[in-house]
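Let's walk through this one together, a piece at a time. Keep the viewer open and follow along as we go.

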Amino acid sequence: IIASSTSAAGYLLSLTDDDSHKRYWESLGYDTQLELSMISIRGKYPLLREAEVRAWSLQQISSNIAALSTPAEASVALSSKWLKEMCTACLRNAGCNVEKLWPYDYIDPTAAVPSISDEQNDGILRRQEELKLIHDSLACSPGSGGIDFDLIIPSLLILKKRPSEWSDRVPETTQSLLDAICDLAGRQTVEEPSFAFDGVTVMKQCASAENVLAAANLIGGEDGLVLHCADVLITSLGISMKQAESFLLKKGVLMGENFTGQSDNGECSESTFRLTDGHCYLLWLIEEHVLSVTTFGQFKPSNIRHGIDPVFASQVCLRAWLCLTKNQGVSGSTWLVSWFRRKLGMCEEGSISNKRLACAALCRALIWPDDTDLVDWNNSEANRSPVLAEALGLDCKFLVGLAQASCGLIEAIPVSVAQEVLNNQNDSDDVVFPGRTIQV
């Protein structure tokens with residue numbers, strides 16, 4: 001019946017029993033509803049586009065999500081097989097090319113990479129290729145109504161929590177697909193979706209599933225970046241979200257105050273630096289939000305959901321790096337400087353990077369204190385906290401190279417200092433204001 005016409009599903013669901021006065025869908029048993037909801041016709045799942053079946057599916061998934069945090073409220077647990085089929089159904093209905101997720105030349109991410117040094121094997125290229133593959137596969141067909149985020153995101157959250165991969169044929173993990181879909185859900189769509197996205201409810205579901213990365217991608221922007229780095233600290237050091245946010249956003253991380261937590265990978269217990277998944281994730285964030293900056297407009301972006309100030313990104317990511325390498329002496333900072341030199345094209349002695357904006361962002365984050373902490377450094381009695389470069393123990397020659405590359409860029413100095421420079425009306429070549437003298 002459903003395959004006979006595009007409107008047949010709607011007519012079927014509108015039927016009402018004369019005796020019980022129940023609509024067709026309500027008259028069915030639970031197991032029958034599960035089976036019929038996943039009926040596939042020529043690669044599409046038409047019943048999930050019907051409001052009544054969709055509302056029923058949402059209710060079943062929501063109750064299973066609620067059971068993750070409050071087991072007493074658990075209803076009949078949905079099978080992983082049904083949830084996997086739901087994920088496929090949402091992608092098929094949107095016209096996504098799921099077959100792109102099944103490449104024949106896929107390389108196992110756990111496999112050893114030959115002939116590559118530890119410094120070069122930072123995982124960034126592999127992560128970028130994986131993200132491009134997933135995003136290309138999630139491109140929706142025009143007129144399809146888009147991906148039903150309200151159905152697919154909680155389904156993936158449950159599968160990740162169990163844990164179970166969303167498809168046995170797809171090498172990409174459930175978390176990778178979930179991150180990409182949450183990122184798309186938070187962006188403005190080209191065409192109007194068939195069903196309005198309930199972002200508030202889905203965010204609560206991410207919290208119930210304790211999936212910080214999904215929430216970070218859903219929020220986006222600088223708040224999302226903080227959650228990305230916080231997840232690294234929580235996973236690597238076993239600390240709480242409150243502690244992680246405090247380390248990332250307050251001065252305590254630079255002053256060495258109240259730092260607790262031990263790494264299950266040995267980041268804080270060993271003196272020799274070892275590159276871990278947490279380090280690699282932070283390097284990828286730096287690559288995406290700092291080293292890739294190409295325009296002045298990317299600094300201090302306003303009212304842009306995914307706009308992240310590269311200075312802010314540098315501060316947060318490098319503070320997270322400091323937490324991971326705090327007890328490793330100079331080995332972690334030496335490795336980081338070497339990585340930055342390679343990425344910025346500063347490997348040779350005296351070479352100046354052509355990535356001036358990236359150097360400006362790093363210079364502002366590493367060498368200058370926060371705007372609220374601009375004290376008179378010439379006053380020996382002034383109480384100042386160390387700047388990020390000091391806390392990390394970075395090589396002075398590298399810092400000089402950053403300053404040379406960003407020379408003349410106002411983005412390399414604090415906003416308050418820049419305003420003093422621009423507003424100064426003196427004819428002198430020296431700009432003077434309390435505690436500091438800058439040659440211009």
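**Starting at helix H16**

With 15 residues at 1.5 Å each, H16 ought to span 21 Å, and its end C-alpha atoms do sit 21 Å apart, so the expected and modelled lengths agree. Bear in mind that this is a predicted model. Just past the end of H16, Gly 345 takes a positive phi of about 70°.

Now look at which parts of H16 are tucked away. Its buried residues are Gly 332, Ser 333, Trp 335, Leu 336, Val 337, Trp 339, Phe 340, Arg 341 and Leu 344. The cover over them includes helices H6 (124-137), H14 (277-291) and H15 (310-324), along with H17 (356-367), H18 (388-392) and H19 (396-405).

Let's zoom in on one of those residues. Ser 333 belongs to H16, which runs over residues 330-344. Its relative accessibility is 6%, and because buried means under 20%, Ser 333 counts as buried. Leaving aside residues up to four places away in sequence, Ser 333 touches Leu 392, Gly 393 and Leu 394. With Gly 393 there's a polar link too: a polar atom of the Ser 333 side chain lies 3.3 Å from the backbone oxygen of Gly 393.

Next, swing over to H4. This helix covers residues 51-69, and its 19 residues should span 27 Å at 1.5 Å a residue; the end C-alpha atoms are 28 Å apart, which agrees. Buried here are Val 53, Arg 54, Trp 56, Ser 57, Gln 60, Ile 61, Ser 63, Asn 64, Ile 65 and Ala 67. Among the elements covering them are helices H1 (8-13), H2 (24-27), H3 (30-37), H5 (80-93), H7 (149-161) and H9 (199-208).

H5 turns up again when we go looking for enclosed space. How many cavities of 30 Å³ or more are there? The count is two. The second largest holds about 40 Å³, and its lining is made of Leu 48, Arg 49, Ala 89, Cys 90, Asn 93, Asp 148 and Leu 151. H5 gives the most to that lining, with three residues. By type, the lining splits into four nonpolar residues, one polar and two charged.

Finally, zoom out to the whole chain. The secondary structure comes to 20 helices and two strands. Of the 440 residues, 45% count as buried. And if you take the contacts with a separation of 6 or more, 69% of them join residues 24 or more positions apart.

Technical notes: Residues are numbered from 1 along each chain as its sequence is written. This is a predicted model: local features need pLDDT of at least 70, side-chain atom pairs count only at pLDDT 80 or more; totals for chains, interfaces and linings use all residues. Side-chain values use heavy atoms; hydrogens and water are left out. Helices (H or I, at least four residues) and strands (E, at least two) are DSSP runs, numbered from the N terminus. The expected span of a helix is 1.5 Å times one less than its number of residues. Buried means under 20% relative accessible area, exposed over 50%, partly exposed in between (1.4 Å probe, protein chains only). Contact means heavy atoms within 4.5 Å. On a 1 Å grid over the protein atoms alone, a cavity is a set of points where a 1.4 Å probe fits but cannot get out, and a pocket is an open set with protein on both sides within 12 Å along at least five of seven lines; lining residues have an atom within 4 Å of a point. Grid points are joined across faces, edges and corners, and a volume is the space filled by probe spheres set on the points. Ala, Val, Leu, Ile, Met, Phe, Trp, Tyr, Cys and Pro count as nonpolar, Asp, Glu, Lys and Arg as charged, and the others, Gly among them, as polar. A polar contact is a pair of N or O atoms within 3.5 Å; within protein, one must be able to donate a hydrogen and the other to accept it, and residues adjacent in sequence count only if both atoms are side-chain atoms.
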